[in-house]
Amino acid sequence: MSRLELSELFASGRPLAVLAGAGITRDSPANLPDGQASMKRVLISAKPPDVDEQWVIAGMNRPTGQPSRPGESLRFETTMKALEDSRLDPKLDVLRCFGAAGGPNANHFLLADLIAAGHVIMTVNFDALIE
């Protein structure tokens, strides 16, 4: 969708529902990693010393050359649940990094403006930058 189409949509007065993914926090000044990058860091730091890092990374990739569905690869939520259940990180302290954002970026301000205008925003983010 182009900027012109988006601005026309915003100006239309119609109610909007927006699903904001973890990628909205990557831009400065927030500079937070998305779910996939966070999961990669967590798995590499939690792996046993004798396990090759490339093996861990390969386990995160979707199969290539064949159709796949969401959920067939390792998901962030599944990883966090495994960390909690395994007692490696029962309080999920790893998620504290999401509180260390540099501040809201343009994406957060746009979403906050949409909320103030009465639109519905759904997000998978753990940070509080939209609030």
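## Asn-105 and its surroundings

Asn-105 sits in the loop that runs between α4 and α5 (106-116). Helices here are DSSP runs of H or I with at least four residues, strands are runs of E with at least two, and both are numbered from the N terminus. The model is predicted: local features need pLDDT of at least 70, side-chain atom pairs count only at pLDDT 80 or more, and totals for chains, interfaces and linings use all residues. Residues are numbered from 1 along each chain as its sequence is written, and side-chain values use heavy atoms, with hydrogens and water left out.

Is Asn-105 buried or exposed? Asn-105 is buried, at a relative accessible area of 2%. Buried means under 20% relative accessible area, exposed means over 50%, and partly exposed lies in between (1.4 Å probe, protein chains only). Leaving aside residues up to four places away in sequence, Asn-105 touches Ile-24, Thr-25, Asp-27, Ser-28, Pro-29 and Ala-30. Contact here means heavy atoms within 4.5 Å.

## Polar contacts of Asn-105

A polar contact is a pair of N or O atoms within 3.5 Å; within protein, one must be able to donate a hydrogen and the other to accept it, and residues adjacent in sequence count only if both atoms are side-chain atoms. A polar atom of the Asn-105 side chain lies 2.8 Å from the backbone oxygen of Ile-24. The side chains of Asn-105 and His-108 are joined by a polar contact of 3.0 Å. At the start of α5, a side-chain oxygen of Asn-105 comes within 2.9 Å of the backbone nitrogen of Asn-107.

Two of the residues touched by Asn-105 are Ser-28 and Pro-29. The peptide bond from Ser-28 to Pro-29 is cis, with omega near 5°. Pro-29 belongs to the loop between β1 (17-20) and α2.

## Helix α5

His-108, Leu-111 and Leu-114 are buried in α5. They are on the same side of α5, because they cover an arc of only 125° around the axis. The arc is that of the directions from the helix axis to the C-beta atoms. Ala-106, Asp-113 and Ala-116 are exposed on the other side of α5. Just after α5, Gly-118 has a positive phi of about 95°.

## Helix α4

Helix α4 spans residues 76-85, and its residues Phe-76, Thr-79, Met-80 and Leu-83 are buried. Seen down the axis of α4, its buried residues fall within an arc of 95°, so they line one face of the helix. The cover over the buried residues of α4 includes α2 (35-46).

α4 also carries salt bridges. A salt bridge is a side-chain nitrogen of Lys or Arg within 4 Å of a carboxyl oxygen of Asp or Glu. By this rule the count is two. Lys-81 meets Glu-84 at 3.9 Å, N to O. Lys-81 also bridges to Asp-85, with the closest N and O atoms 3.1 Å apart. Lys-81, Glu-84 and Asp-85 are thus linked in a network of salt bridges.

How far apart in sequence are Lys-81 and Asp-85? They lie four residues apart in α4, about one turn of the helix. Glu-84 and Lys-81 are three residues apart in α4, so about one helical turn separates them. An α-helix has 3.6 residues a turn, so residues three or four places apart point the same way. The three linked side chains are partly exposed: Lys-81 has a relative accessible area of 45%, Glu-84 has 31% and Asp-85 has 48%.

## The loop after α4

Arg-87 and Leu-92 belong to the loop between α4 and α5. Neither is a glycine, yet phi is positive at about 70° for Arg-87 and at about 50° for Leu-92. Arg-87 comes just after α4. Arg-87 is exposed, with a relative accessible area of 61%, whereas Leu-92 is buried at 17%.

## A nonpolar surface patch

Which residues form the nonpolar patch on the surface? They are Leu-19, Val-120, Met-122 and Val-124, with about 390 Å² of accessible area together. Patches are made of residues with over 30% relative accessible area and no salt bridge; like charges are joined within 9 Å, and nonpolar side chains (Val, Leu, Ile, Met, Phe, Trp, Tyr) within 5 Å. Accessible areas come from the Shrake-Rupley method with a 1.4 Å probe, and for residues only the protein chains shown count as cover. Val-120 lies in strand β2 (residues 120-123). Val-120 is partly exposed, with a relative accessible area of 45%.
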